[in-house]
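Welcome, and thanks for taking a look at this one. The notes below are meant to help you find your way around, topic by topic.

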Amino acid sequence: MLSDKAKSEIQQLKARYPHPNSALLPALALAQKEHGWLSPEVLEEVAEVMGLSPAQVGSVASFYTMFNRRPVGKYLVQVCTNVACSLLGAEHIVEHLKRKLGINVGETTPDGLFTLLEVECLGSCGTAPVMQVNDTYYENLTAEKIDQILAELRRR
Amino acid sequence: MAEPVLLRNVGVPDSHKIEVYMQRGGYQALRKALKEFQPAALVDLVKRSGLRGRGGAGFPAGVKWSFLPKGVYPRYLVCNADEGEPGTFKDRVLIEHDPHGLIEGIIISCYACEVNTAFIYIRGEYEFGARRLEQAVQEAYARGFLGKNILGSGFNLDLIVHRGAGAYICGEETGMLTSLEGDRGHPKLKPPFPASEGLYRKPTVINNVETLFNVPFIVERGAEWYTSMGTEKSPGLKLFCISGHVNKPGVYELPLATPLRTLIYDYAGGPLEGKPIKAIIPGGSSTPMITPEHLDVPLDYESLAAIGTMLGSGAVVVIGEGTCIVRTVERLAEFYRHESCGKCIPCREGTDWLYKILHRIEHGGGREEDLPLMLDICNNIGGKSFCPLGDAALGPVRSSIAHFREEYLQHIREKRCPFQD
């Protein structure tokens, strides 16, 4: 469950803000970093450290798309399919990834390595099409580039 | 183009580090502001410069600052770095390449507004930028530009980098405040406006990254320098993000009132593959699209309003011939449906219906009555939603029906998308 280190970091975050509740989003991000996703048990623990009700914490966690409420693969592959990316072929990028990974959008590969998602604008329209894998942006994508990226991630 | 101002550090090696920033004249405006200006004089300076909010609404920044009620403390400043309007990526460039430029702008603005605690609310996806900002904030504390008694002035400022977690609505100022308070990012009723009752119900200034980024230059060079560019009502410099079907997409810095044609042809290298332009979204996904007959429109708040659209965030998306407008608008409608926070019914239900109707038209199930139905739904969202997101969703729908009605009808008549083989 939540490590003592995470719990003490959340306490520090609470003290950092003029009002402790402001630490909720960073606390959830921290918990997710540690566990990969926010299970009901983790949400309850965050609620306890934050001094908030589990219902309150659950309602906040469910509002924001970056909080995973189901397990995701080691690499969360998020392809922007909004206007600028889609004008430059984001649909082909998604199709290529589906083929290469053998999964549909919203699914995780059986080895637990990759989860594929379509997401809204990532703010990288000048270098479209773009995808984000965990915290890293990959820009000006082509099918060949994707093959290289996937091979590199598999080697890690 | 003259020497870049806002983008002057972009492309300089290690431009995000404080040594490089200072070698290039950074934090001199802060020294000047603290030494030569009383807070009220700074507010007046920014007012006289005519600097308008660069996030999309275009409200004069200095006037906004002057709405803070006298004698009520603490006050807060929140920098809106929740850049999420599709097509917009200018703030990301500033944050990643010139984080100290933003921090200096924030410090000066906080001094002007007598704020001692400030936040940068940055969208969670911009993790790289958030880390750069955090490093830069630490460097600024170490040099005494943040913290207690800044440069011996007696002015104190604490600056917190706060990450969002994926919600377009948090770019709306009251949604941002609710989110920063640790809640779902639901907008709040206005009035009270944030200036009088904002974060933690205290007076709060909210400005976009680019707006705050302009402030040190105005302090250094003066209000007259700023008003010497652009037009009387739209003075100064603007960052334009251009994307879509152009050869050289990117962020370009131009004086306001530069013609759209200049941006597309002289800076962005013209249309991709020389294809004729079919439509242009001039200021981010929510701004009504225009057709190439308006290529000579000056890019300023008033000129774009005069042709029924908006400057918005300065995000120009060029759509070339051969692109299906219905498909493009369907995708935008899907975005607004996804991002509607669900608080008010017109927006929550309306954006869902707009998407469903556009989806069926694009996929061969359109009906003759769908166009008037969509316009009716638009009328029931517009002006009747709790916050501006509802109205934002209408720009692409209404403008595309106005300019490309025949393309919609063709989809409906032929029961297929004519652009799909």
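**Getting oriented**

Reading chain A from the N terminus, its elements follow the order α-α-α-α-β-α-α-β-β-β-α. Please keep in mind as you explore that this is a predicted model. The tour starts with chain A, moves on to its contact with chain B, and then turns to chain B and the empty spaces.

**Chain A and its sheet**

- Chain A has 7 helices and 4 strands.
- Taken along the principal axes, the C-alpha atoms of chain A fill a box of roughly 50 × 35 × 25 Å.
- In chain A, 4 strands make up an open sheet with mixed pairing, and their order is β2-β1-β3-β4.
- At the edges of this sheet you will find β2 (114-119) and β4 (136-138) of chain A, each of which pairs on one side only.
- From one strand of the chain A sheet to the next, the twist averages 25°.
- Strand β1 of chain A covers residues 75-80, and it pairs with β2(A) in the parallel sense over 6 bridges.
- To see this pairing up close, look for A:Val77, whose bridge partner in β2(A) is A:Leu116.

**Where the two chains meet**

- The contact draws 38 residues from chain A and 59 residues from chain B.
- Between them, chain B and chain A bury about 3600 Å², and 56% of that is on carbon and sulfur atoms.
- Which residues of chain B lose the most area to chain A? They are B:Ala165, B:Arg184 and B:Arg331, which together make up 18% of what the chain B side buries.

**A sheet in chain B**

- Chain B also offers an open sheet to trace: 4 strands in the order β6-β5-β8-β7, with mixed pairing.
- The edges are taken by β6 (250-255) and β7 (277-281) of chain B; each has a single partner strand, so one side of each is left without a neighbour in the sheet.
- The twist in this chain B sheet averages 30° from one strand to the next.
- β7(B) pairs in the antiparallel sense with strand β8 of chain B (residues 315-320), over 4 bridges.
- Within that pair, B:Ile277 stands opposite B:Gly320 of β8(B).

**Backbone details in the loops of chain B**

- The peptide bond between B:Tyr73 and B:Pro74 is cis, with omega at about -5°.
- B:Pro74 sits in the loop that runs between α4 (61-66) and β1 (76-81) of chain B.
- Another cis peptide bond leads from B:Pro191 to B:Pro192, where omega is near 0°.
- To locate B:Pro192, go to the loop between α8 (173-180) and β4 of chain B.
- B:Arg201 is also found in the loop between α8 and β4 of chain B. Although B:Arg201 is not a glycine, its phi is positive, at about 60°.

**Empty space: a pocket**

- Rolling a probe the size of a water molecule over the atoms shows where empty space is left.
- The second largest pocket holds about 1200 Å³ of space.
- Its lining counts 44 residues, and those nearest the centre of the pocket are B:Gly55, B:Gly56, B:Ala57, B:Gly171 and B:Glu172.
- Two or more residues of this lining come from each of α5 (90-97), β4 (204-208) and α16 (388-392) of chain B.
- Which element gives the most to the lining of the second largest pocket? That is β4(B), with 5 residues.
- By class, the lining of the second largest pocket divides into 15 nonpolar, 18 polar and 11 charged residues.

**Empty space: a cavity**

- How many cavities of 30 Å³ or more are there? The count comes to 1.
- The space in the largest cavity is about 70 Å³.
- Of the 13 residues that line the largest cavity, B:Cys341, B:Cys344, B:Cys347, B:Phe386 and B:Cys387 lie nearest its centre.
- The lining of the largest cavity has 8 nonpolar residues, along with 4 polar and 1 charged.

Key: Residues numbered from 1 in each chain as written. Chains lettered and ligands numbered in written order. Predicted model: local features only at pLDDT ≥ 70, side-chain atom pairs only at ≥ 80, totals over all residues. Heavy atoms only, no water. 1 Å grid on protein atoms, 1.4 Å probe; cavity = no way out; pocket = protein on both sides within 12 Å on 5 of 7 lines; lining within 4 Å. Points joined across faces, edges and corners; volume = space filled by probe spheres on them. Nonpolar A, V, L, I, M, F, W, Y, C, P; charged D, E, K, R; others polar. Pairing = 2+ DSSP bridges. Axes fitted to C-alpha atoms, helices over the stretch in contact; angles between N-to-C directions. Contact = heavy atoms within 4.5 Å. Buried area = accessible area lost by both parts, 1.4 Å probe.
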